[in-house]
Amino acid sequence: MVKTIRLKPDMVQHFVDVASKCDFDIDISYNRYVVDAKSFLGVYGLNFDNMLKVSYDGYNAGLEELLNQLAVAC
């Protein structure tokens, strides 16, 4: 599954906390940069001025709710 989100710096800790509770891999990417969504430093190092793509293969209700809140209409 791939979702496009807009993340703000003050939401990074909450995003990483939610992602860390998932038992599957979650990646966030922008252009050619791909980082582990469970890594605070990795996520915080991304450019928040742009839309980010979240890729994952699993289901977690908390993650789905958060991604829907941060979703960008395409």
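The exercises below, each with a worked solution, concern a predicted model.

**Exercise 1. The sheet**

Determine the order in which the strands are arranged in the sheet, and state which strands stand at its edges.

*Solution.* The first step is to read the arrangement: four strands form an open sheet with the order β1-β4-β2-β3, and their pairing is antiparallel. In the second step, the edges follow from the number of partners, since β1 (2-5) and β3 (33-36) each have a single partner strand, so that one side of each is left without a neighbour in the sheet. As to geometry, neighbouring strands are turned against each other by 25 degrees on average, when direction is ignored. The third step looks at one pairing in detail: strand β2, which comprises residues 26-30, is joined to β3 by four bridges, and the two run antiparallel. Within this pairing, S29 has V34 of β3 as its bridge partner. Finally, helix α3 (residues 61-70) lies across β1, β2 and β4 (52-56), and runs at about 45 degrees to β1.

**Exercise 2. The aromatic rings**

Classify the ring pairs F40 with Y44 and Y44 with F48, and decide for each of the three residues whether it is buried, partly exposed or exposed.

*Solution.* The count of aromatic pairs comes to three. For F40 and Y44, the ring centres are 5.5 Å apart and the planes stand at 15 degrees, which is under the limit of 30 degrees, so this pair is stacked. Both residues lie in helix α2 (residues 40-44), where they are four residues apart, about one turn of the helix. For Y44 and F48, the centres are 6.1 Å apart and the planes stand at 65 degrees, which is over 60, so the pair is edge-to-face. Through such ring pairs, F40, Y44 and F48 are linked into a cluster. Turning to accessibility, F40 counts as partly exposed at 32% relative accessibility, and Y44 is likewise partly exposed, with a relative accessible area of 42%. F48, by contrast, counts as buried because its relative accessibility of 15% is under 20%.

**Exercise 3. The surroundings of D25**

Locate D25 in the chain, decide whether D25 is buried or exposed, and list its contacts beyond its neighbours within four places in sequence.

*Solution.* D25 has its place in the loop between α1 (12-20) and β2. Its relative accessible area is 65%, over the limit of 50%, and D25 is therefore exposed. Once the neighbours within four places in sequence are set aside, D25 is in contact with S55, Y56 and D57. As a separate distance, the C-alpha atoms of D25 and A37 are separated by 8.1 Å, although these residues are twelve residues apart along the chain.

Conventions:
Residues numbered from 1 in each chain as written. Predicted model: local features only at pLDDT ≥ 70, side-chain atom pairs only at ≥ 80, totals over all residues. Heavy atoms only, no water. Pairing = 2+ DSSP bridges. Axes fitted to C-alpha atoms, helices over the stretch in contact; angles between N-to-C directions. Contact = heavy atoms within 4.5 Å. Phe/Tyr/Trp six-rings, centres within 6.5 Å; stacked < 30°, edge-to-face > 60°. Buried < 20%, exposed > 50% of the residue type's maximum accessible area, 1.4 Å probe, protein only.
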